[in-house]
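Here is a quick tour of a structure, going from its core out to a few single residues. Have the sequence and the coordinates open as you read.

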Amino acid sequence: MISTISSLNALLPFSYLIVFSIYTYDFFAEKNLFSNSKRIFLFITLFVHAFYLMVRSVEFNHPPITTKFEIFSLLAFSVSFSYFILELLTDIHRTGSFIILFSLVFQIISSLSIEHNYVVPEVLRNRMLGLHVVSAILGYSGFTISAVYGLLFLILYKNLRNNKFGLIFNRLPSLEILEKLSFYSLVIGFILLTIAIIIGTIWLPSAFPNFRFYDPKLVGTAFIWIAYGTGIISKYLANWYGKKVIIFSLCGFILTIISLIITSTYSNTFHSFY
């Protein structure tokens with residue numbers, strides 16, 4: 001089983017590189033050579049990745065959340081899986097390379113550094129903790145995709161203001177669609193993060209003897225949740241649209257990154273397992 005895990009771990013970066021290359025080629029090429037087949041390549045890569053995560057979980061008897069490099073692999077899967085669902089729902093497929101790039105980077109880091117033999121605390125084998133972490137990671141993946149669409153919105157917006165009607169104008173969806181994609185991804189991320197918070201609030205106090213609600217990571221997560229929740233409410237009550245929505249999405253993502261960096265480097269937290 002270890003040899004299978006090692007082989008899949010080595011294969012995944014190349015799989016994501018192939019998918020990224022296909023989506024990038026399709027973005028720049030005049031002919032839609034891979035317009036239909038590239039989704040199949042992405043599906044196969046996601047299937048292999050899901051199998052890798054499942055086999056790893058069974059072999060080591062814990063969800064793939066016990067080290068930062070397992071989480072990087074889970075992030076790679078979550079970002080591409082979220083995009084895959086979004087592409088299926090919207091049939092907008094020219095933006096894939098900008099998002100799959102994140103999965104490629106995360107998986108390369110994971111595959112180069114992950115270990116296949118180590119001892120983990122017993123609490124990390126709990127499935128409720130796995131569900132809590134997976135929900136949170138999927139939520140952050142939604143915020144990441146929202147930010148990517150936000151950047152694409154600003155690039156297209158700048159090109160239109162400067163009367164540049166080149167490759168970006170021809171390949172990207174309209175500003176209205178990019179705004180919707182960014183906001184919908186944000187809302188999905190917010191819902192998934194809410195699920196993670198609910199699970200954590202109910203289960204974590206009984207699982208960790210040193211649990212406390214003022215833990216840095218809990219405070220940081222609550223801050224992110226309130227910030228995004230406030231923005232979503234403002235979108236409807238204050239009738240935000242266009243550039244306002246995009247600026248909010250990007251600011252929220254920057255705050256999320258800053259919060260995660262600060263709380264991850266804070267040592268006095270019951271979330272520290274490695």
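Helices here are DSSP runs of H or I with at least four residues, numbered from the N terminus. One thing to keep in mind throughout: this is a predicted model.

## The nonpolar core

Let's start in the middle. The largest nonpolar core has 58 residues, and the members that touch the most other members are Leu42, Phe143, Tyr149 and Tyr228. Helices giving two or more residues to this core include H1 (2–28), H2 (37–60), H3 (68–90) and H4 (96–113). Further along the chain, H5 (127–161), H7 (175–207), H8 (216–237) and H9 (243–264) also give two or more. H5 gives the most, with 13 residues.

Tyr149 is worth a click. Leaving aside neighbours within four places in sequence, tyrosine 149 is in contact with Tyr83, Leu86, Thr95 and Ile99, and also with Leu178, Leu181, Ser182 and Ser185.

## Helix H1 and its bend

How far apart are the end C-alpha atoms of H1? They sit 40 Å apart, and that agrees with the 39 Å expected because 27 residues are counted at 1.5 Å a residue. H1 does bend, though, by about 30° at leucine 11, and proline 13 follows within four residues.

Plenty of H1 is buried: Ile5, Leu8, Leu12, Val19, Ile22 and Phe27 are among the buried residues. Pro13 is on that list too, along with Asn9, Ser15 and Asp26.

## Two buried serines

Serine 110 belongs to helix H4. Its relative accessible area is 0%, so serine 110 is buried. Apart from neighbours within four places in sequence, serine 110 is in contact with Asn9, Phe69, Phe72 and Ser73. Asn9 is itself one of the buried residues of H1.

The other serine to look at is serine 146, in helix H5. It counts as buried because its relative accessibility is 1%, and buried means under 20%. Not counting residues up to four places away in sequence, serine 146 touches Ser182, Ser185, Leu186 and Ser249. Ser182 and Ser185 also turn up among the contacts of tyrosine 149.

## Isoleucine 195

Now over to helix H7, where isoleucine 195 is found. Is isoleucine 195 buried or exposed? Neither label fits: its relative accessibility is 36%, so isoleucine 195 counts as partly exposed. That class covers what falls between under 20% and over 50%.

Isoleucine 195 and glycine 139 are 56 residues apart along the chain, and their C-alpha atoms are separated by 9.0 Å.

Key
Residues are numbered from 1 along each chain as its sequence is written. This is a predicted model: local features need pLDDT of at least 70, side-chain atom pairs count only at pLDDT 80 or more; totals for chains, interfaces and linings use all residues. Side-chain values use heavy atoms; hydrogens and water are left out. A nonpolar core is a set of buried Ala, Val, Leu, Ile, Met, Phe, Trp, Tyr and Cys residues joined through side-chain atoms within 4.5 Å. Buried means under 20% relative accessible area, exposed over 50%, partly exposed in between (1.4 Å probe, protein chains only). Contact means heavy atoms within 4.5 Å. The expected span of a helix is 1.5 Å times one less than its number of residues. The bend at a residue is the angle between axes fitted to the seven residues ending there and the seven starting there.
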